[in-house]
Amino acid sequence: CSYCIERNWLEPGAAEANSKIPNKPVPPRRVQIPTHEDISDLLNMCESEHKEIGQFLKFIAFTGLRLSGARFIQWEDINFSANEFTRVMKGGLEVVIPLLPEAISLLQSRWVEAGKPRSGLIFEMGDHRIKKARRILRKYSEGLGLGLSYPHALRHVFASVAFASGLSAGEVATMLGHQDGGQLALAVYGH
């Protein structure tokens, strides 16, 4: 490209040589979700290496929260009697989100182990632990041959599980924090 040649990033003849390379269309990427057993194995391996981090990764997979949102969820956000939690979305909108059975079970277990607290963070996940969570997830994901080597991929797991559980595109979108009524969720997970 002339822009690159002007900045001496490419030799003058490079643009012509590159123009001879055929352009092939790249098909849109579809997210491929491993089996429930694969996901369970992955999350259990992470938990066996580090209980707090493994349970945090399970929490992300069971709630669809982004890493940044999951690390700041507090006990007072959880309503066990209604099986739901409250989260503040981008822009300050407060939304009540139902919890999947796996999330309820994980949270109840942690709550009892923690002495049934009324407030405070559910997970103590400082920056050091976040880095360690990424390393642990990558290690076991690659070892199992899964494409879930970063925490955000666990949101994809959640969305697929939520759709498989019978939730509508709008419900899944709300749970993921999307405000498009489900268009993005359908485009990515409508398989």
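Which residues does His-50 touch, not counting residues up to four places away in sequence?

1. His-50 touches Arg-129, Lys-132 and Ile-136 once residues up to four places away in sequence are set aside. The model discussed here is a predicted one, and in it His-50 lies in the loop that links helix H3 (36-49) to helix H4 (51-63). His-50 counts as buried because its relative accessibility is 18%, where the limit for that class is under 20%.

2. As to the overall layout, the protein contains ten helices and three strands, and from the N terminus on these elements follow the order α-α-α-α-α-β-β-β-α-α-α-α-α. Buried residues account for 38% of the 191 residues, and the accessible surface of the protein comes to about 11,200 Å², with 52% of that surface belonging to carbon and sulfur atoms. When contacts between residues at least 6 apart in sequence are considered, 57% of them join residues that are at least 24 apart.

3. The helix that ends just before His-50, H3 (36-49), packs against helix H7 (residues 127-144) at an angle of about 140 degrees, and the two axes are 9 Å apart. H3 and H7 are therefore oblique to each other, since an angle has to be over 145 degrees to count as roughly antiparallel. H3 passes H7 in a right-handed crossing. On the H3 side the contact involves Asp-38, Asp-41, Leu-42, Met-45, Cys-46 and Glu-49, and these meet Ile-136, Leu-137, Lys-139, Tyr-140, Ser-141 and Leu-144 of H7. Sorted by class, this contact of H3 with H7 has seven nonpolar residues, one polar residue and four charged residues. Ile-136, listed here on the H7 side, is also one of the residues that His-50 touches.

4. A further residue of helix H7 that merits attention is Ile-130, which counts as buried because its relative accessibility is 4%. Leaving aside neighbours within four places in sequence, Ile-130 is in contact with Phe-56, Leu-67, Arg-71 and Met-125. The C-alpha atoms of Ile-130 and Ile-53 are separated by 8.1 Å, although these two residues are 77 residues apart along the chain.

5. Helix H4 packs with helix H6 (residues 101-113) at an angle of about 145 degrees, with 9 Å between the axes, and H4 passes H6 in a left-handed crossing. From H4 the contact draws on Lys-51, Glu-52, Gln-55, Lys-58, Phe-59, Phe-62 and Thr-63, while H6 supplies Glu-102, Ala-103, Leu-106, Leu-107, Arg-110 and Glu-113. By class, the contact of H4 with H6 has five nonpolar, two polar and six charged residues.

6. Towards the C-terminal part of the chain, helix H8 (residues 153-164) and helix H9 pack at an angle of about 150 degrees, with their axes 10 Å apart. H8 and H9 are therefore roughly antiparallel to each other, and H8 passes H9 in a right-handed crossing. Arg-155, Phe-158, Ala-159, Ala-162 and Phe-163 in H8 meet Ala-169, Val-172, Met-175 and Leu-176 in H9. The residues of this contact of H8 with H9 divide into eight nonpolar, no polar and one charged.

7. Ala-169, which takes part in the contact with H8, belongs to helix H9 (residues 169-176). Because its relative accessibility is 15%, Ala-169 counts as buried. Apart from neighbours within four places in sequence, Ala-169 is in contact with Phe-163, Gly-181, Gly-182, Ala-185 and Leu-186. For one of these partners, Gly-182, the C-alpha atom is separated from that of Ala-169 by 4.6 Å, and the two residues are 13 residues apart along the chain.

8. Two loop residues deserve a look at their backbone angles. Most residues other than glycine have a negative phi. Asn-83, however, has a positive phi of about 55 degrees although it is not a glycine, and this residue is found in the loop between strand E1 (78-79) and strand E2 (84-88). Asn-83 counts as partly exposed because its relative accessibility is 32%. Lys-116, likewise not a glycine, has a positive phi of about 55 degrees, and Lys-116 is placed in the loop between H6 and H7.

Definitions and conventions. Residues are numbered from 1 along each chain as its sequence is written. This is a predicted model: local features need pLDDT of at least 70, side-chain atom pairs count only at pLDDT 80 or more; totals for chains, interfaces and linings use all residues. Side-chain values use heavy atoms; hydrogens and water are left out. Helices (H or I, at least four residues) and strands (E, at least two) are DSSP runs, numbered from the N terminus. Buried means under 20% relative accessible area, exposed over 50%, partly exposed in between (1.4 Å probe, protein chains only). Contact means heavy atoms within 4.5 Å. Accessible areas come from the Shrake-Rupley method with a 1.4 Å probe; for residues, only the protein chains shown count as cover. Axes are lines fitted to C-alpha atoms, for helices over the stretch in contact, and angles run from 0 to 180 degrees between N-to-C directions. Angles under 35 degrees count as roughly parallel, over 145 as roughly antiparallel, 65 to 115 as roughly perpendicular and the rest as oblique. A crossing is left-handed if the near helix is turned anticlockwise from the far one by less than a right angle, and right-handed if clockwise. Ala, Val, Leu, Ile, Met, Phe, Trp, Tyr, Cys and Pro count as nonpolar, Asp, Glu, Lys and Arg as charged, and the others, Gly among them, as polar.
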